[in-house]
Amino acid sequence: ALIVVHGFTMSKESMLYGGNFLNEIGIASLIMDLPYHGSRGVSGEGYKHIQLGADQIKLGLEQAVADVEQGVTLLKGDGFRNIGVIGYSLGGILTLLCMGKDRRLSKGIAICAGGDLADIIFKSPISWELARGLECQGVNYEELREILKEVEPCNYAQNINPSNLLMINSVDDLIVPPENT
């Protein structure tokens, strides 16, 4: 079975095609909305920019990790022995974080993903509204990095067996640039 995790501003519906393909080739898939996205967005209306503080960002990431962990527990309870995770962009970042934290995940595919969350948030064009809001709140890179240290994929990378992870990245990616992969 594979847990499929979507990217920032996306929803589970954007991953259904991939989930259907996985099911057709005999791989069960579990697809859920991340916090602040899809049915878990503002008023259940999908992703809409809302100003989040650094602590809210951390809580959202912690909740996403807990969701994946609960997914693993549910799939194990259904008799699946080998459970992996695949994610795109923010979902790929969560793939790395979850693989580093949960040894029950046997394989992972992280697409357009990496680490140094504070750097990605402050430099990525997709999160510019979030970054500006943090700056208006007086939060800089160093402070954000400290707040997010418990959900920073780089801090768990040593726990991932490289033979169990496929990372697909681009030298031209502006969202998660090469220095963050």
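The largest cavity in this predicted model has a volume of about 360 Å³. With a lower limit of 30 Å³, the count comes to one cavity. Lining that space are 23 residues, and those closest to its centre are Phe-8, Ile-57, Leu-61, Leu-90 and Leu-130. Three helices give two or more residues to the lining: H2 (54-77), H3 (90-101) and H4 (117-123). H2 gives the most, with five residues. If you are thinking about the chemistry of the walls, the lining divides into 18 nonpolar residues, five polar ones and no charged ones.

Leu-90, named above among the residues closest to the cavity centre, also brings us to helix H3, where it is one of the buried residues. How many of the residues of H3 are buried? The answer is 11 of its 12, so the helix is mostly covered. They are Leu-90, Gly-91, Gly-92, Ile-93, Leu-94, Thr-95, Leu-96, Leu-97, Cys-98, Met-99 and Gly-100. Their packing partners are S1, H2, S3, S4, H4 and strand S5 (165-168). The geometry of H3 can be checked as well: because each residue should add 1.5 Å, its 12 residues are expected to span 16 Å, and the end C-alpha atoms are indeed 16 Å apart.

Just ahead of this helix, Ser-89 sits in the loop between strand S3 (83-88) and H3. Its relative accessibility is 10%, and since buried means under 20%, Ser-89 counts as buried. Beyond its neighbours within four places in sequence, Ser-89 is in contact with Gly-7, Ile-111, Cys-112, Ala-113 and Ile-175.

Next, follow Leu-94 from H3 into the nonpolar core. The largest such core has 42 residues, and Leu-94, together with Ile-3 and Leu-144, touches the most other members. Two or more residues of this core come from each of strand S1 (2-5), H2, S3, H3, strand S4 (105-111), H4 and helix H5 (128-136). Here again H2 gives the most, with eight residues. Leaving out residues up to four places away in sequence, Leu-94 touches Val-5, Leu-34, Leu-61, Ala-64 and Val-65. Leu-61 is a useful link in this picture, as it is also among the residues closest to the centre of the largest cavity. A second, separate core has six residues, including Met-15, Leu-22, Ile-31 and Ile-86.

Some of those names come back when we turn to the open pockets. Which residues lie nearest the centre of the largest pocket? They are Val-4, Met-15, Gly-18, Leu-22 and Ile-86, out of 13 that line it. This pocket has a volume of about 190 Å³. Elements giving two or more residues to its lining are S1, helix H1 (16-24), S3 and S4, and the largest share, four residues, comes from H1. Sorted by class, the lining holds nine nonpolar residues, four polar ones and no charged ones.

The second largest pocket holds about 150 Å³ of space. Among the residues that line it are Leu-96, Gly-114, Gly-115, Pro-153, Cys-154 and Met-167. Leu-96 ties this pocket back to H3, being one of that helix's buried residues. By class, the lining has seven nonpolar, four polar and no charged residues.

Methods: Residues numbered from 1 in each chain as written. Predicted model: local features only at pLDDT ≥ 70, side-chain atom pairs only at ≥ 80, totals over all residues. Heavy atoms only, no water. 1 Å grid on protein atoms, 1.4 Å probe; cavity = no way out; pocket = protein on both sides within 12 Å on 5 of 7 lines; lining within 4 Å. Points joined across faces, edges and corners; volume = space filled by probe spheres on them. Nonpolar A, V, L, I, M, F, W, Y, C, P; charged D, E, K, R; others polar. Buried < 20%, exposed > 50% of the residue type's maximum accessible area, 1.4 Å probe, protein only. Contact = heavy atoms within 4.5 Å. Core = buried A, V, L, I, M, F, W, Y, C linked by side-chain atoms within 4.5 Å. Expected span 1.5 Å × (residues − 1).
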